[in-house]
Amino acid sequence: MSNKKFVEETQVFSKDLDIDIVKKIIAFSELSSTNSKAKELAQKDEPEGTIILSEIQKSGRGRFDRVWESPEGGLYLSVILRPICKPDKTTLLPLVAALSVSKTISSICDLDVSIKWPNDVLINGKKTSGILLESESKKDGLGYVVLGIGINLNTDADMFSKDFAATSIAYELGIKLDYYGFLKKLLLNLDYCYRLFKEEKYDNILSEWKKNSDTIGKRVCINMPSEKIEGKAFDIDSSGFLMIETNSGERKTVTSGDCFYIE
Ligand code: BT5
């Protein structure tokens, strides 16, 4: 797929798509970042359900302003959401996205798929997908959330730099997958998981997340900008934060950071 063809094919794909969460898909052959474009549009009152899709990204972003490598073959999208919920519940939205990705991959193959807290989706222990949530709240509480999802779908494994353990679904499976077939399944899962969120079925989200994750029960090291915590991950709380029992038996709740398994 390249350039104009991608935009046209996406228009054809989205024409008869009947999925609640998808109000409109705006496709680009190239963007700096789908999250940046989605934020720009959200600030101009673009409604919930607008999805920005790009064939490649020139400056894809991860958390803490890190780079998300976004070559051809990957799936890069950002969804504009305007959730009506208590602000402290928006921390569950990255889990909603990771759960949707994990369910989608698991539904099409028999690979070892797992979510590593907070929202990395791994295949055979290597990172295949990442989630970036960016939001703006207003005094009246009605802001926006941009949920960015990057998935290494058909990306050639040699496209990634060697500094981190990445893989793609196609590499692990040994075959390339139909881009739009996968996208449709992903949007259906996102629709299902976001509906749970809108219906305040937070416990269902948390329990499904736990079923799809292998972090709980593991010994972990969490790197945060100002400190490092080591211990056993024993649960996630109602906000999706990781609960850890440190080596000295102290219980701590971690809101964000990078998680490494140490066993
Ligand atoms: C993430 O950040 O994992 C969030 C990535 C979100 C990307 C999507 S794509 C659509 C939307 N538009 C954007 O601009 N972003 C979102 P984080 O947990 O900080 O992980 C970043 C780290 O993952 C990097 O520092 C690398 O170590 C590694 N990495 C970078 N590119 C990767 C890739 N394609 N596959 C696997 N790992 C990667």
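This is a short chat about a predicted model, covering one helix, its packing, some salt bridges and two buried residues.

Biologist: Let's start with helix α6. Which residues in α6 are buried?

Modeller: Helix α6 spans residues 202-212, and its buried residues are Y202, I205, L206, E208, W209 and N212. They sit on the same side of α6, because they cover an arc of only 165° around the axis.

Biologist: Why would residues a few places apart point the same way?

Modeller: An α-helix makes a turn every 3.6 residues, so residues three or four places apart point the same way.

Biologist: And what is exposed on the other side of α6?

Modeller: D203 and K211 are exposed there.

Biologist: What do the buried residues of α6 pack against?

Modeller: They pack against two helices, α3 (93-108) and α5 (179-198), and two strands, β4 (113-116) and β9 (228-236).

Biologist: Take α5, then. How do the axes of α5 and α6 cross?

Modeller: The two axes come within 7 Å and cross at roughly 135°. That angle makes α5 oblique to α6.

Biologist: Which residues meet there, α5 to α6?

Modeller: From α5 there are Y192, C193, L196 and F197, and from α6 there are Y202, N204, I205 and E208. Sorted by class, the contact has six nonpolar residues, one polar and one charged. Of the α6 residues in that contact, Y202, I205 and E208 are also among the buried ones.

Biologist: Change of topic. How many salt bridges are there?

Modeller: The count comes to 20. One of them joins the side chains of R63 and D258, at 2.8 Å from N to O. R63 is in the loop between β2 (50-57) and β3 (75-81), while D258 is in strand β12 (residues 258-261), so the pair ties together parts that are 195 residues apart in sequence.

Biologist: Are R63 and D258 buried or exposed?

Modeller: Both R63 and D258 are buried.

Biologist: What about D120, which residue does it form a salt bridge with?

Modeller: D120 forms one with K116, and their closest N and O atoms are 3.9 Å apart. D120 and K116 are buried as well.

Biologist: And K176 with D156, where are those two?

Modeller: The side chains of K176 and D156 meet in a salt bridge of 3.3 Å, N to O. K176 lies in the loop between α4 (169-173) and α5, and D156 lies in the loop between β7 (144-151) and α4, so to speak of distance along the chain, they are 20 residues apart. K176 counts as exposed because its relative accessibility is 54%. D156, at 38%, counts as partly exposed.

Biologist: Which residues do shared salt-bridge partners join into one network?

Modeller: D20, D191 and R195 are joined that way.

Biologist: Now single residues. Where is I51, and is it buried or exposed?

Modeller: I51 is in strand β2. Its relative accessibility is 2%, so I51 counts as buried.

Biologist: What is I51 in contact with?

Modeller: Setting aside neighbours within four places in sequence, I51 is in contact with V22, K24, I25, I26, L77, S78, V79 and L187. I51 and L81 are 30 residues apart in sequence, with their C-alpha atoms 9.4 Å apart in space.

Biologist: Last one, S100. Where is it, and what does it touch?

Modeller: S100 is in helix α3. At 0% relative accessibility, S100 counts as buried. Not counting residues up to four places away in sequence, S100 touches L186, N189, L190 and C193. C193 also appears in the contact of α5 with α6.

Note on methods
Residues are numbered from 1 along each chain as its sequence is written. This is a predicted model: local features need pLDDT of at least 70, side-chain atom pairs count only at pLDDT 80 or more; totals for chains, interfaces and linings use all residues. Side-chain values use heavy atoms; hydrogens and water are left out. Buried means under 20% relative accessible area, exposed over 50%, partly exposed in between (1.4 Å probe, protein chains only). Helices (H or I, at least four residues) and strands (E, at least two) are DSSP runs, numbered from the N terminus. The arc is that of the directions from the helix axis to the C-beta atoms. Contact means heavy atoms within 4.5 Å. A salt bridge is a side-chain nitrogen of Lys or Arg within 4 Å of a carboxyl oxygen of Asp or Glu. Axes are lines fitted to C-alpha atoms, for helices over the stretch in contact, and angles run from 0 to 180 degrees between N-to-C directions. Angles under 35 degrees count as roughly parallel, over 145 as roughly antiparallel, 65 to 115 as roughly perpendicular and the rest as oblique. Ala, Val, Leu, Ile, Met, Phe, Trp, Tyr, Cys and Pro count as nonpolar, Asp, Glu, Lys and Arg as charged, and the others, Gly among them, as polar.
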